[in-house]
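Visitor: I have a model open and would like to go through it with you. Could you show it first, and then I'll ask about whatever catches my eye?

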Number of protein chains: 2
Amino acid sequence: MNTRNKNKTKQSCDCTISRTDIPPAIQEDLDAVGGIPGLCDQLPPESSIVTTSTTYHALSDPLRMKVLYLLRVQPLCVCVIKACIGIADSKLSYHLTILKKAGLIEGEQKGNWIVYQITEKGLLFAQENPPMPSL
Amino acid sequence: MNTRNKNKTKQSCDCTISRTDIPPAIQEDLDAVGGIPGLCDQLPPESSIVTTSTTYHALSDPLRMKVLYLLRVQPLCVCVIKACIGIADSKLSYHLTILKKAGLIEGEQKGNWIVYQITEKGLLFAQENPPMPSL
DNA sequence: AAAACGTTTCAATTTTAATTGAAATATTTA
DNA sequence: TAAATATTTCAATTAAAATTGAAACGTTTT
């Protein structure tokens, strides 16, 4: 059994590269860190990487960022968000769902309306000079 | 001439909504902030929103996050990154370009290789518990 | 219970992003 | 200068995300 990899929580890589193929300065640093396998061991677990990039994806659309900035001001029903941004209902709903799934906003039914508010996580990304979050 | 909108740096919205159409609690907050136009004035300028979401887009792919995490450890030539991640040259190059354009990494030719390193901006996003950046 | 309202869902389409493999470029070595 | 190596660029394809308009859903009002 491969003892080096037992109980690993980080992902490792099985790839190798011949020692003469890379610049000496980089090779030195690489040796210090345990070569390519040691370097790969420094990657966060795949699941965490996926979570992180999913959050960033939700933030990667200007429209969605606008919604987040609006909800930073106060909770809002969909119709007000729509009035500010000026897009079709179904389009807005689509983007709200993406923000919601990423945990950046949450919605609550209040009578005839659904009122959305920003979450704590969302707030971290809705700063104009954002002071960044743990995802 | 419209005096309200002269010299504006934030974007504003010209949409209105009839006063009775939204939940009272929200209406109150909305009044306090200057109604829908006042709310819209709180949006950052469009250009800043686009810059922000472009950065997030660069971060929205697991592959690109991996590259960023690797470069957090030390500067690397493309071949080592490739050895860790295990994808085709041209694919890696495509993703490196996106990270570079977003200002998260930079590359320098060193002899036969191109050595990439993470930028200060990139470093802010490559924390496992990221302490967030101003974009 | 029917009509009206705010919002979401769905299927179809359009747009954008990612992947692929071959060819091109630039640097070094022979 | 030719061959070899590392990386990028390009055109074509595939895959994913966004948009659209119509229909459905749940709540409130009449």
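Visitor: Where does Lys121(A) sit in chain A?
Guide: This is a predicted model, and in it Lys121(A) belongs to helix 7 of chain A, which covers residues 120–125.

Visitor: Is that lysine buried or exposed, and which side chain of opposite charge is nearest?
Guide: Lys121(A) is buried, and it has no salt bridge. The nearest side chain of opposite charge is that of Glu106(A), and the distance is 11 Å.

Visitor: Then what does the side chain of Lys121(A) have a polar contact with?
Guide: The side chain of Thr55(A) is joined to that of Lys121(A) by a polar contact of 2.9 Å.

Visitor: Switching to the DNA: which residues come nearest to strand C?
Guide: There are 21 residues around DNA strand C, and those that come nearest are Cys79(A) and Tyr116(A) from one chain, with Tyr94(B), His95(B) and Gly111(B) from the other.

Visitor: What parts of strand C are within 4 Å of the protein, backbone or bases?
Guide: Of the strand C atoms within 4 Å of the protein, 72% belong to sugar or phosphate, while the rest belong to bases.

Visitor: Which atoms are paired up with the phosphates there?
Guide: A polar backbone atom of Cys79(A) is 2.7 Å from a phosphate oxygen of DNA strand C, and a polar side-chain atom of Arg64(B) lies 3.2 Å from a phosphate oxygen of that strand. As for the sugar or linking oxygens, one of them lies 3.3 Å from a backbone N or O atom of Gly111(B).

Visitor: Which element gives the most to the surface near strand C?
Guide: That is helix 6 of chain B, which gives five residues. At least two residues each are supplied by helix 6 (89–101) of chain B and, from chain A, by helix 5 (78–85), helix 6 (89–101) and strand 3 (113–118).

Visitor: And how do the residues of that surface near strand C divide by class?
Guide: The surface near DNA strand C has eight nonpolar, nine polar and four charged residues.

Visitor: OK, strand D now. Which residues are closest to it?
Guide: DNA strand D is surrounded by 21 residues, the closest being Tyr94(A), His95(A) and Gly111(A), along with Cys79(B) and Tyr116(B). Among the strand D atoms within 4 Å of the protein, 70% are from sugar or phosphate and the rest are from bases.

Visitor: What lies beside a base oxygen of strand D?
Guide: A polar side-chain atom of Ser90(A) lies 3.2 Å from a base oxygen of DNA strand D. On the phosphate side, a backbone N or O atom of Cys79(B) is 2.7 Å from a phosphate oxygen, and a polar side-chain atom of Ser93(B) is 3.3 Å from a phosphate oxygen.

Visitor: Which element gives the most to the surface near strand D?
Guide: Helix 6 of chain A gives the most, with five residues. The elements that give two or more residues are this helix and, in chain B, helix 5 (78–85), helix 6 and strand 3 (113–118).

Visitor: One last topic: how many disulfides are there over all chains?
Guide: The count is zero over all chains. Cys77(B), for instance, is in no disulfide, and the nearest cysteine sulfur, that of Cys79(B), is 3.1 Å away.

Visitor: Why is there no bond from the sulfur of Cys79(B)?
Guide: Because the closest cysteine sulfur, in Cys77(B), is 3.1 Å from that of Cys79(B), which is too far for a bond, given that a disulfide needs the two sulfur atoms within 2.5 Å.

Visitor: Are those two cysteines buried or exposed?
Guide: Cys77(B) counts as buried, because its relative accessibility is 0%, whereas Cys79(B), at 24% relative accessibility, counts as partly exposed.

How values were computed. Residues are numbered from 1 along each chain as its sequence is written. Chains are lettered from A and ligands numbered from 1 in the order in which they are written. This is a predicted model: local features need pLDDT of at least 70, side-chain atom pairs count only at pLDDT 80 or more; totals for chains, interfaces and linings use all residues. Side-chain values use heavy atoms; hydrogens and water are left out. Helices (H or I, at least four residues) and strands (E, at least two) are DSSP runs, numbered from the N terminus. Buried means under 20% relative accessible area, exposed over 50%, partly exposed in between (1.4 Å probe, protein chains only). Lys and Arg count as positive and Asp and Glu as negative; His and the chain ends are not counted. A salt bridge is a side-chain nitrogen of Lys or Arg within 4 Å of a carboxyl oxygen of Asp or Glu. A polar contact is a pair of N or O atoms within 3.5 Å; within protein, one must be able to donate a hydrogen and the other to accept it, and residues adjacent in sequence count only if both atoms are side-chain atoms. A residue is near a molecule or strand if one of its heavy atoms lies within 4 Å of it. Ala, Val, Leu, Ile, Met, Phe, Trp, Tyr, Cys and Pro count as nonpolar, Asp, Glu, Lys and Arg as charged, and the others, Gly among them, as polar.
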